[in-house]
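Hi everyone, thanks for coming. Have the sequence and the model open in front of you, and let's walk through it together.

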Amino acid sequence: MFWELIFSRRGRSVARNLKTTPGFSVLTGIFCVAMALETSVTANPEFRADQILVQPKKNSAPDAMARFHTLHRSRVVKSFPNLHGLQVLQVSKNETVASLIAEYQQSGLVDFAEPDYVIHTSAAPNDPQYEDGTLWWLNNIGQSGGTPDADIDAPEAWDVLNSASNVVVAVIDTGIRYTHEDLAANIWTNPIDGSHGFNAIADNNDPNDDNGHGTLVAGVLGAVGNNGKGIVGVAWRVQMMACKCIAANGAGNDSGLVACIDFARTNGARIINASLDSTGASLAVSNAVEAAREAGIIFVASAGNGIPPTIAATNIDMSPHYPACYPMDNIVSVAYTTRDDVLAPYSNYGATNVDLAAPGDQVYSTYYLSDNYYFPPIGFGYNIAGSSFSAACVSGTFALMIAKYPNEDYHQIINRVLKAVDPLPTLAGKCVTGGRLNLWKALSPPINLVSIPAANGLPFQLRLNSGANRECVIQSSADLSNWLPLYTNVTDTNGVFDFLDTDSINAGQRFYRAVAAP
């Protein structure tokens, strides 16, 4: 598989964008009709009635804080020394959340006091099958009435790279069934105690899934590839760290989210997938995300969704959802598209706060009920959909990108992915890029060769456009059959380099093409 653009000496395009695609067989599939999309919180933020979050000022004496806690019968449930001393406080029976926050704010002892906002999963629970076309988001050839190529071009991308076995992705969610046949080989193991993550609900090291949502997300992101079982994730091999902050009922709170972000940061995660959603803006969470940013971690957040048929999608520029709308530049917020390559009707959007879209409708993935269970069963009648799964596609993409470009920082990796989207009319004005994820373009950007006009008698000039820091070779031929390397260079940060063929002045007809360096 390769891209090339061939020019004659006179600058006429002879052939372009030659692409070979692996064969793909499709059986007739049965796809679901009934809706069971992602849940979302109401416009009035929910919060725990028994806990608040406070961050002591740097100059606050510990004794003074302790006395103030005692005065208000506030017990420190958990503290985060690495996050500026953030504390989770239990609210006594004599106080309300509002009154206690007010008292701490007026005390002069804290930088902030805030509710412990409730967070929810962005989707309700949802292959055997890549070859039969069930996983349409990886390779869409129009199966079940979809639009051909409304996908992330996974088969082409996997020819470039399919493993990110040294990259740790923290899945902050309801946990993961880490013993599942299609996930176990891709689950991170803590070298200290052999566990597989963290459970902020039970405050222990067993992040097993008791809801299903996190196991669904994990399957889309990193189900084991080429193992003859079930499905395949975007990354065939990867290390998924299970971080549980959502309980069996599909709800959690900010203190649990902070704890999971902190665990991921301190245990080597390079990417955090947060397929969860709240309308409560938390300084504690934003500070935890900022700490992750300082550690170079990419934070992928689902944009959230409405609930059919009564709650419509939200413009999150106008009605912010979190963590998608925190301002840190390591956050990549993701909306979701359908098999027809349009923005899903229940997907949230935002020209400023949503970065891109990715497929997330009619999802089929691993599930938590047993070690060989997938959901939904064929013919069950559910449409499992939402930005939870589009976020998982993007997280799997980032894992492969980090594996390919290990020396690049999070800015460069994010920039590569955002520049490689496929523009879609229904995404124009709905997200920053106006486009849908394309894994292949991100991993192996197309090479475009254009001629730069030159006066007669002057050397022939060419400009090559591709991905940043990519080594490419310009070749020449007199007969379009025998090609010789003419010039090799690495593109700049904008993906460009120029070439002046000084030997072309006295040469006869000459053809040019550009290919990626082997």
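**A walk through the model**

Let me start with one residue: Ser-370 counts as partly exposed because its relative accessibility is 21%. For these labels, buried means under 20% relative accessible area, exposed means over 50%, and partly exposed is in between, using a 1.4 Å probe and protein chains only. You will find Ser-370 in the loop between β17 (365–366) and β18. Helices here are DSSP runs of H or I with at least four residues, strands are runs of E with at least two, and both are numbered from the N terminus.

Before going on, some ground rules: this is a predicted model, where local features need pLDDT of at least 70 and side-chain atom pairs count only at pLDDT 80 or more, while totals for chains, interfaces and linings use all residues. Residues are numbered from 1 along each chain as its sequence is written, and side-chain values use heavy atoms, with hydrogens and water left out.

Back to Ser-370. Which residues does Ser-370 contact, leaving aside neighbours within four places in sequence? They are Arg-177 and His-180, where contact means heavy atoms within 4.5 Å. Ser-370 also sits 8.7 Å from Thr-179, C-alpha to C-alpha, although 191 residues separate the two in sequence.

How confident is the predictor? On pLDDT, its per-residue confidence from 0 to 100, the chain has a mean of 86, and 88% of its residues reach 70 or more. Residues 1–43 stay under 50, and the model gives them 143 contacts beyond four places in sequence. Residues 123–127 are also below 50, with 35 contacts beyond near neighbours in sequence. Where pLDDT is low, the predicted coordinates should not be read in detail.

Now, the inside. A nonpolar core is a set of buried Ala, Val, Leu, Ile, Met, Phe, Trp, Tyr and Cys residues joined through side-chain atoms within 4.5 Å. The largest one has 66 residues, and Leu-138, Met-240, Ile-271, Ile-298, Leu-356, Val-394 and Phe-398 have the most contacts inside it. Which helix gives the largest share of this core? That is α7 (residues 387–404), with ten residues. There is also a second, separate core of 51 residues, including Ala-170, Ala-269, Leu-343 and Ala-357.

Let's zoom in on Met-240. Not counting residues up to four places away in sequence, Met-240 touches several residues, among them Val-169, Ile-176, Trp-188, Ala-218, Leu-221 and Gly-222. Those last three bring us to helix α4, whose buried residues include Ala-218, Leu-221 and Gly-222. How many of the ten residues of α4 (213–222) are buried? Ten of them, and the helix is described as mostly covered.

Next come some backbone details. Asn-226, in the loop between α4 and β10 (237–244), has a positive phi of about 60° although it is not a glycine. Asn-226 counts as exposed because its relative accessibility is 71%. Asp-341 also has a positive phi, near 65°, and lies in the loop between β15 and β16 (356–359). Asp-341, however, is buried, with a relative accessible area of 14%. Across from it in sequence by 84 residues, but 9.4 Å away from C-alpha to C-alpha, is Pro-425. Pro-425 is exposed, at 73%.

Two cis peptide bonds deserve a look. One runs from Phe-375 to Pro-376, with omega about -5°, and Pro-376 is in the loop between β18 (374–375) and β19 (382–383). The other runs from Tyr-322 to Pro-323, with omega near 15°, and Pro-323 is in the loop between β14 (298–302) and β15 (331–337).

Tyr-322 and Pro-323 also help line the second largest cavity, along with others including Asp-254 and Tyr-326. By class, that lining has seven nonpolar, two polar and one charged residues. Here Ala, Val, Leu, Ile, Met, Phe, Trp, Tyr, Cys and Pro count as nonpolar, Asp, Glu, Lys and Arg as charged, and the others, Gly among them, as polar. On a 1 Å grid over the protein atoms alone, a cavity is a set of points where a 1.4 Å probe fits but cannot get out, and lining residues have an atom within 4 Å of a point.

That's my tour, and I'm happy to take questions!

How values were computed. On a 1 Å grid over the protein atoms alone, a cavity is a set of points where a 1.4 Å probe fits but cannot get out, and a pocket is an open set with protein on both sides within 12 Å along at least five of seven lines; lining residues have an atom within 4 Å of a point. pLDDT is the predictor's confidence in each residue, from 0 to 100.
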